[in-house]
Structures are given as C-alpha cells and as structure tokens.
Amino acid sequence: MASRRTQRKREHSLDTAVKPRKLPPRPPSICRACWKGPFAAQLGLLGQPIKREDGDIGTYLGDLDALGGYSYSVRWAVLESRAKGGCQWCQLLSTHVQSEFPELTSDTQLRIVVGMESLDDLPIEYTPDAAQILSIYVNAIELLTGPVYADADDPAAAHIVLRSPVLDVGSPRVLALARACVEECLIQHESCREFSDPNTSLPTRVLDCTDPGHPRLLITKGRRGTYVALSYVWGEDQPHRTTLANISSYTNSIDLATLPQTIRDAIHVTHALGISFLWIDSLCIIQDSDADKQQEITQMRRIYRDAHLTVVAASARKVSEGFLQDRPANPDICHDAFPQITFPFICPPRPSAPGELPDSEATTWEVGTVHVAPQFQTLQIRPLYDRAREPISARGWCMQEYFVSPRSLIFASHTLLVRCQTTTRCVGGAFHSLSGDARLPPVLFRAEPVARGTEGWLPVRQAWLDVVRDYTGRAISVPADKLVAFGAVAGMFERVLRTEYLAGLWRDTLLLDLLWSKGGSRSVQHPRPAAYRAPSWSWASVDGEVVVNGAPYAAREDAVAEVVECRVVLEDDRLPFERVVGGFLVLHAPFLQCVLYAIDDLEQDAINYRVLLQSLRGGGSEEPVGEEGGPLVLVDTGSLIFAYIDSADDAKRAMDGSTTMWAVPLFQQEKRLEGLIIVPANLATAPTRSMLEASPYADTTDIYSRLGFFGFDHDADLHTLGWDNLPLAEFVLV
C-alpha cells in the first residue's frame, strides 16, 4: 500500500489528478485534464495556502507537503494544444506563459502551482481578512494574484468567503445590511464606541426627516439626540439653499420636489437607518448671512466629529446627480483594473441524505461559479478601486469631513462601503483593499496632548504630513478658503500638539515645515493666486499638491538655519485656523547665489527645473545672473540639484533673468543640502507692513519671498565645494 506522502504526491500530478468517485458533468469551457486536476482540487483554494519564503515558492517546489495549494506539470506543447482546443484555464495560462517566458520550446516543462495565498505573505491588508486570494505560479514565477468571490445565491458561496460587490446600493436590502454593519461597529469595536455618543448636542439646525416626504428645518435650541451628516460635492448652484428670506418657511416644511437629488437621497438614507435628523450645510447654514456662516464653519469639526455617521456621496460629481443609482458592473473609476475572470467551481461533496458518507456514490456534487479580480498580472499591479479618483476626493472641503467623521457610509462608484475608526469594509462582504486607507490617530479624537519627540508624537506628525499632501492636491471653489476648509483638521491637531498654528505650519517644527515642495503625483504648474491668502513661505499661498520633504522628525541636528521670528496676521484674531491677511518670517541662514534652468520647458512639472549654486572656492562655470550682477562663478556639482518651483509665474520670473535668486540652505549633512530658493520682494499687504513697522525689523531692506525648494545629494564632501562653513545673514521672508 502506498504511503500517505506518496499518495499526496500523486494527487498533485495532473495525470493522477484528484479523483473523487464521481465528478459532476464537465462544462465545455474546461478540458478533461483540467477538470480532473486543478478544478477537482477547487483550484487549491480550500486547502493549505501556498508557502513562500521571502516571496519565493522555489524553496518548497521539491516538497509538495510543505508547498500547499495544488501543483502539476505540463509541457508547453500540451498546454498550447489544450488552449487552442478551447480550455479557458489553459488559455489563461498560455497567455501569461508566452508573455513571461519568450524562449519557449515544445518540450519546455512548466510547473504550475495554483492556490490560496497565505495572509502573512501578502503585501496588503484587506477586508474581510479571511478572504481567499488566488495565486498562479509557473516555474516559481508569480503570474496572477487576485481575490476570489462568489454570488450570495451561488453554490460556491458555501465555500468562498467573498461576495460579489453589491450594485443596488439604494435598495432596502442593502441599506438594511448597511444599518447592520453600523450597529455591529458600535457593539464590537471598542475604539469606535469610545467616540460615539447617542445623546450628543445637536447642531444649531438639522433637517427633521421623521416624515421623509415632508422634511423640515429644526432649530434645535440645545436639544440632544442622534444625527447623520452629509458630505458631498456641490458642483453647481443650489437655489434651494437656506436664506434669511426662506428660513421661516423651511421650519414648517420643505417641498421635497425642490431639493436636488443628492439631498433627497440623503433624506431617504437617514430615514432608512432609523435616524430622524440630518445635517446638510446648504440647508443648515444660512447661506446669505456672513455672521451665521462664520459661526457654523467654526463648528464643522464638532458637527462631523459628533455625528452618528456621515453619509458620503463619493460618486456624485454635482448635487443634482444623486448617489443611490444602481452601480455598473465596471464603473469608469475602475477602468484601469484588470478584467475579471470567471471559472466553474466544483463544490466539495456533501451527503445527499443524512447518515451518508461524503465520499459515497450517493454524494451530491454541485458546480458553482467563482470570479477572480486580478490585482497583479503579468508583472503589473493595478488596484481594484482607487478612492483618490472619486469626485469627492478632488474637493478640499470634503477632506476634513472624511477624516473628522468617526464613522462613514461611503456610496462609492462601484459599491457601498462602511468606514469606521477600526476598519473599512464593503457592505455585503465584497473584497476591499486597505491600502491607502488612512485614518487620523485616535489621540486626535481624544484631544490628549503629546509631547514633541515622544513615541506618541511621531504618528501624529506623520498623519499631519499625510493630510497636508492629501488636502493640497484638492480644489477649493473659493480660493480665499484655502485655510478655512482645512480648519477642522488643523484644530484637531492643535489641541494635541499644543503649539501655535502659523498659516498651515507649526511653530515648534517651523524650520522642518518650511521644507515643503510642489512636484507630487497630482502636482501641476498652477499660476500663483491673484489674491493674497498666506505668506509665500506657507503652502497655503499656492495651488497644487504639496509634499513636506523628509521623515517625520521631531528635530534635526543638521540645521544650519535658525528661525528668529515668525508672525501672522489673522482676518479675525478669534479664528486661528481661518483666513490670514499678512505675515512675515525672519531667518538667520546661509546665502548662496544661484541660477535656475529648465530641463524641458515651463509647461512641465517643477521637477524639471534645476539650479546651479555659487561656488565659494572658485572653479566651476560662468553663468550670467542679470545686468547688475555680472558673471558669477557657479559650480556644476555633477549631481542633480532639483528645484521644485512653487508656481508657473515664479518659474517664468526666474527664467527671464530679471531678478537675482538665492539658495538658502536650511539643513546640511555631510553630502546633502536642502533649503529654499528666494528672490527680492516687496511687502505684499498692508497688514504685513504694519506688523513689520511695529517690529525690530522696521528698517530692514533685506525682504524676500519664497520661489521654491531645492535639495540634492553630492558624491563628494561638501567641504570641497566650500559649503561646509557658509556665511550667514539675517533676512525677512514675506
């Protein structure tokens, strides 16, 4: 009698494939050999996961007991013949094998391993965490990986964890599932319960949705209860909005027919969740009252923080679109994803009657259907869903609503998601990758101070750098609101960091915060805004995605500059996170004259600019720097000195030779410099002039504005360039 080990090896051979006593009828789309082999073994999805070591399965190919999954060998000529004969599985393998192995011959032996990936080996986190992720390897090369799912009413659903994404997001069935998910969060997630108060103070006004066909505006007058908030894109004018003229009639009733579809959908969802009250900015803020808008905007953090949940109309480009439409199977937002693959699935045997053994002749075999959604295929990685491509992710105001809300129901373009402080998952059990699923640290919701440089401080600092990048990549309809729309998030950080907020930067880390630059993945060359909204050294002074360079240090020992003074002038001193009308920064730092040049042209991203820096030891090359400056000896370092220019206007100004530019190193390591590029400037605003005149710098003429950021690594010691002991100067940046 063969040993168990020998028997298992036979089961991994295509010629002696898994042979239950009676397989169900074979569909024409699968060849006989594959039906008796990988498909009879359920594609290796129900056994031990494939075992890898440092991402490689080659270590285990000689030990099938340890390898896991299902393994078999086949010659290329045989695989190609079966593919031409119409076998769907062989066609899939053939396509990828030809792409990966260009020097195939008829006798090339292919070792195929198919099965479930181990959770420990996957580079991403996802929900649900018990999902089966299928991988296919040929000769130890990974060809395809993706989650496997089944429809809820399919026989395969008894064995496959994932479900197909729900598309009928507004149906009673799906909204009931969503309600259950929210209730489960409140019961099972301890960290989420901490941020939930079922009897919180209601906002100043809410929409009463008790009768969803006849909503009305409720003046709460300190009333307590539970409410939903709406996050959405306006995208167009809202003539129905609350004004001083209609607020009285709105407290009696609002004609549902006059409201745009997104707001009607939000009313419907609120009522379906069993909640009476809904907060919507266009209806709960008096839109033609500056005083009321200012008062309510200061409450935005509390409004979204205290909501039972936020309904996020992520897919709607404008308020008239609505968000409860059935979702297409392949939405535009997912058009870059690999096409889904569908296979038959032989469900494991089950007795047809009580008392019968599973492997008896009377066993009932069923064939279901499974779907694979590849994320990795032919050496390419493509996400199934990218939140950044949703219409709502392009709007600045919506970012703080997303991060401040402790719980959200997200009506995405492809399905319905529930997001809380613990996790994010698809309603109905579909696959959701947690890659890029950022959250604010819990300490920000508790408002507990953290000391700079401590273990608890670093996650807060990293979160700050992340939200600045996210926010600056978004658009603001009213340019003057650049800081205002970020105020709720900034306020949460200020209560924890306990340091002064300076137009988007922090006093305690000001020198580090100055190292922001344009040139991220979503950055383009925008013109500098016509109206003043922040000093030039603040990222709020420009448009486009900003990256704060460097790790989230508490401090750096390589600083060569010092902040002497920094002040900002607020439009309203009572509102530190809102509009700024002036400000200046005094630095004591090195100066190096420089020249900017473009690799391509001014239409390209800022990364296409470089600088030549002044040599303090002679040599180098001569470059003109303007009529008055004459020739300047500059050094070509032999390395790329990238210059990230803040705006298209700044780039043109620097390139036309009409002004002298200076590089100001802020941090200097043995072989690295990074700092600011500045140019002479006039005092931009009356508040800045007044503030300077009342300061010790009233008579200074060394006034500059920021033009960009530079940074480079040099192969040689900076001493050889004369940059190890740079002359210092004190100057004002406005």
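Aromatic ring pairs in this predicted model come to a count of 25. One of them joins F584 and Y697, whose ring centres lie 6.3 Å apart with the planes at 65°, so this pair is classed as edge-to-face. Since planes over 60 degrees apart count as edge-to-face and centres must lie within 6.5 Å for rings to pair, the contact between F584 and Y697, with its 6.3 Å and 65°, satisfies both conditions. F584 belongs to strand β27, which covers residues 580-590, while Y697 lies in the loop between α19 (686-693) and β35 (703-713), so the pair ties together parts that are 113 residues apart in sequence. As for solvent exposure, F584 has a relative accessibility of 0% and therefore counts as buried; Y697, at 16%, also counts as buried, because the limit for that class is under 20% relative accessible area.

A further edge-to-face pair is formed by F591 and F731, with 4.8 Å from centre to centre and 70° between the planes. Here F591 sits in the loop between β27 and β28 (592-598), whereas F731 is part of strand β36 (residues 728-733), so that this pair ties together parts 140 residues apart in sequence. Both of these residues, F591 and F731, are buried. Elsewhere, ring pairs link W464, Y471, F486, F493, Y501, W506, W539 and F577 into a cluster.

Aromatic rings also take part in contacts with charged side chains, and Y402 is the residue to look at here. The charged end of R387 sits over the ring of Y402 at 4.4 Å from its centre, and the charged end of R419 likewise sits over the ring of Y402, at 4.2 Å from the ring centre.

Turning from side chains to the backbone, one can follow an open sheet of eight strands, arranged in the order β9-β8-β12-β11-β13-β18-β19-β20 and with mixed pairing. Its edges are formed by β9 (216-219) and β20 (424-426), each of which pairs on one side only. Between neighbouring strands of this sheet the average turn is 30°, with direction ignored. Within that order, β11 stands next to β13, and the two can be examined in closer detail: strand β11 (residues 227-231) and strand β13 (residues 309-312) run parallel and are joined by four bridges. In this pairing, A229 stands opposite T310 in β13, which gives the reader a point from which to trace the register of the two strands.

Notes: Residues numbered from 1 in each chain as written. Predicted model: local features only at pLDDT ≥ 70, side-chain atom pairs only at ≥ 80, totals over all residues. Heavy atoms only, no water. Pairing = 2+ DSSP bridges. Axes fitted to C-alpha atoms, helices over the stretch in contact; angles between N-to-C directions. Phe/Tyr/Trp six-rings, centres within 6.5 Å; stacked < 30°, edge-to-face > 60°. Buried < 20%, exposed > 50% of the residue type's maximum accessible area, 1.4 Å probe, protein only. Lys NZ or Arg CZ within 6 Å of the ring centre and 35° of its normal.
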